Amino acid sequence: MKLLKFLLILSIFLEGCSSHNITDTKTPQQSFKPTLILVSFDGVRYDYPSLTQTPALDQIEENGIKANGLKTSFPSKTFPNHLSIVTGLFPENHGIIANRIYDDTTNKFYTLGGNAVTESKWYQGEPIWVTAEKQGLKTATFFWPGSEAKINGFRPTYYKAYEHQFSYEKRVEQILDWLDLSDDKRPQFLTLYFDEPDSSGHRYGPASSEALIALENVDKQLLNLLQGIKSRNLEDKVNLMVVSDHGMTSLSRDKVLFLDDYIDMDNVKIIDYSAVVAIRPREGETESVYQKLKDVHPHMQVYRKGEIPEKYHYNNYKFIQPIIGVLDLGWSATTHSSFDSHTNYPSKGSHGFDPDNQEMNAIFYATGPAFKKGVQLSVIQNTNLYELMCAILKITPAPNDGNLDVFKDVLID
Ligand code: AMP
Ligand code: ZN
Ligand code: ZN
């Protein structure tokens, strides 16, 4: 009996030793901390994947979750929404209220092409890479709006200045190279961005064959990423979320309104024309310009700053202009001279409109160890994704406008 007890204790002891050995020998797989790759395909309307072949997105849907749509924040433009996704904040709270912002105190503009994207003063929210870096994680961005600026004193450990023409294949290779780094260097949060099919959607129209081919092309890049993850045996270690920032709708030359039919253009500065008209009247002219524009056109709702409907979350920010015109879906605003000299105006497709229009809805897919398989979600608001990403990375979120509850049926814990 004593011998039996001794043998039992010995076997428990030996088992303890061997499992200890296993944890000591760190193969890259076993030491993987929670990891998340966030991929954005610009301008994929919620229904595009159902209109063409997207084997990579299908694979994610089969092995993970898909939402019936990702509702954008107002205005449904690229920079405001990429920032809402990574901060969980509505644009009035993260500060990137448009793709073009005017600071009247310095007479400076924030524009996509300019140096302003690298200046911290425009960013009021905390992107997830900052939340993560603050809490000791490493992060990497292969493009994401805002990722080139130092925000609250932090930048991603690895990031790259935006290069529109940079090879799509090489972007994916870099993500995989980052996953191959040693434990002490490997980022846990990574982003990957592609400008298509947005560019083709503007040029050729939403759901045009060109836009759908562009989607097929970025889906191929995603397939390479999925294969790279699989070949490294990381399918159970790495989470992947695929989003887009907004949808796309058709524009046409007969749905155009002319601001100079109603106001003297010398009395105003138009900061932004597209979908949301941002108007800065001359000193002392705000009320008269408002009275001249309000109710003059059935397809433009005009508001004074502070009176913009609550649903837009678009009142409380210093750089929101004194008068905002919200165009109906598919409408454009311009002046007669500009219209006459630009015969290609407007582009065949665009976005920026009220997110309540289903055509502005984007996509959301996710897979990986954090997610259940084969679950379909209803349409979710994109400000909720920050909370989800923080939960996956096991970090404490900064204050935000989102809610993790919408994901309670899709997360494994
Ligand atoms: P939008 O006008 O809202 O359709 O903006 C889409 C465009 O934003 C893309 O075609 C890119 O040229 C540009 N863009 C996207 N990400 C960045 C970035 N990180 N830095 C500068 N420009 C960008
Ligand atoms: Zn976009
Ligand atoms: Zn666009």
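**Figure 1. Two zinc ions sit 4.1 Å apart in this predicted model**. The pair consists of the zinc ion (ligand 2) and the zinc ion (ligand 3). Thr-78, a donor to the zinc ion (ligand 2), lies in helix H3 (residues 78–87). Asp-245, another donor to that ion, lies in the loop between strand E9 (238–243) and strand E10 (249–250). The two residues are 167 apart in sequence, so the pair ties together distant parts of the chain. Thr-78 and Asp-245 are both buried.

**Figure 2. The zinc ion (ligand 2) has a tetrahedral site**. Its coordinating atoms come from Asp-42 (OD), Thr-78 (OG1), Asp-245 (OD) and His-246 (NE2). They lie at 1.9 to 2.1 Å. Angles among the 4 donor atoms run from 95 to 132°. The site counts as tetrahedral because all angles fall between 85 and 135 degrees. Along the chain, the donors follow the spacing D-x35-T-x166-D-H.

**Figure 3. Asp-198, His-202 and His-351 hold the zinc ion (ligand 3)**. Asp-198 contributes two OD entries to the list of protein donors. His-202 and His-351 each bind through NE2. These donors lie 2.0 to 2.5 Å from the ion. Their spacing along the chain is D-x3-H-x148-H. The neighbouring ion, the zinc ion (ligand 2), is 4.1 Å away.

**Figure 4. Helix H7 supplies Asp-198 and His-202**. The helix covers residues 198–204. The two residues are 4 apart, about one turn of the helix. Are they buried or partly exposed? Asp-198 is buried because its relative accessibility is 9%, under the 20% limit. His-202 has a relative accessible area of 21% and is partly exposed.

**Figure 5. Two prolines follow cis peptide bonds**. The bond from Phe-74 to Pro-75 is cis, with omega near 0°. Pro-75 is in the loop between strand E3 (70–71) and H3. Helix H3 begins with Thr-78, its span being residues 78–87. The second cis bond joins Tyr-345 and Pro-346. There, omega is about -5°. Pro-346 is placed in the loop between helix H10 (336–341) and strand E17 (349–350). Most peptide bonds are trans.

**Figure 6. Ala-275 and His-313 have positive phi values**. Most residues other than glycine have a negative phi. In Ala-275, phi is about 65°. This residue is in the loop between strand E12 (268–272) and strand E13 (276–281). Ala-275 is buried, at a relative accessible area of 4%. In His-313, phi is near 50°. His-313 belongs to the loop between strand E14 (300–304) and strand E15 (323–327). His-313 is partly exposed, with a relative accessible area of 27%.

**Figure 7. Arg-280 and Asp-104 form a salt bridge**. Their closest N and O atoms are 3.2 Å apart. Arg-280 is in strand E13, whereas Asp-104 is in the loop between strand E4 (101–103) and strand E5 (108–110). With these positions 176 residues apart in sequence, the pair therefore ties together distant parts. Arg-280 is partly exposed, with a relative accessible area of 23%. Asp-104 is also partly exposed, at 36% relative accessibility.

**Figure 8. Glu-126 pairs with Lys-134 in a salt bridge**. The closest N and O atoms are 2.7 Å apart. Which partner is buried? Glu-126 is, with a relative accessible area of 11%. Lys-134 is partly exposed, with a relative accessible area of 43%.

**Figure 9. Lys-160 and Glu-163 make a salt bridge, and other charged residues form a network**. The closest N and O atoms of Lys-160 and Glu-163 are 3.0 Å apart. Lys-160 is partly exposed at a relative accessible area of 23%. Glu-163 is partly exposed at 38%. Salt bridges with shared partners join Lys-71, Lys-311, Asp-354 and Asp-356 into one network. How many salt bridges does a search of the whole structure find? It finds 13.

Definitions and conventions:
Residues numbered from 1 in each chain as written. Chains lettered and ligands numbered in written order. Predicted model: local features only at pLDDT ≥ 70, side-chain atom pairs only at ≥ 80, totals over all residues. Heavy atoms only, no water. Donors = N, O, S within 2.8 Å, 3.2 Å for Na, K, Ca; no water. Tetrahedral: all angles 85-135°; square planar, octahedral: opposite > 155°, others 65-115°. Buried < 20%, exposed > 50% of the residue type's maximum accessible area, 1.4 Å probe, protein only. Salt bridge = Lys/Arg side-chain N within 4 Å of Asp/Glu carboxyl O.
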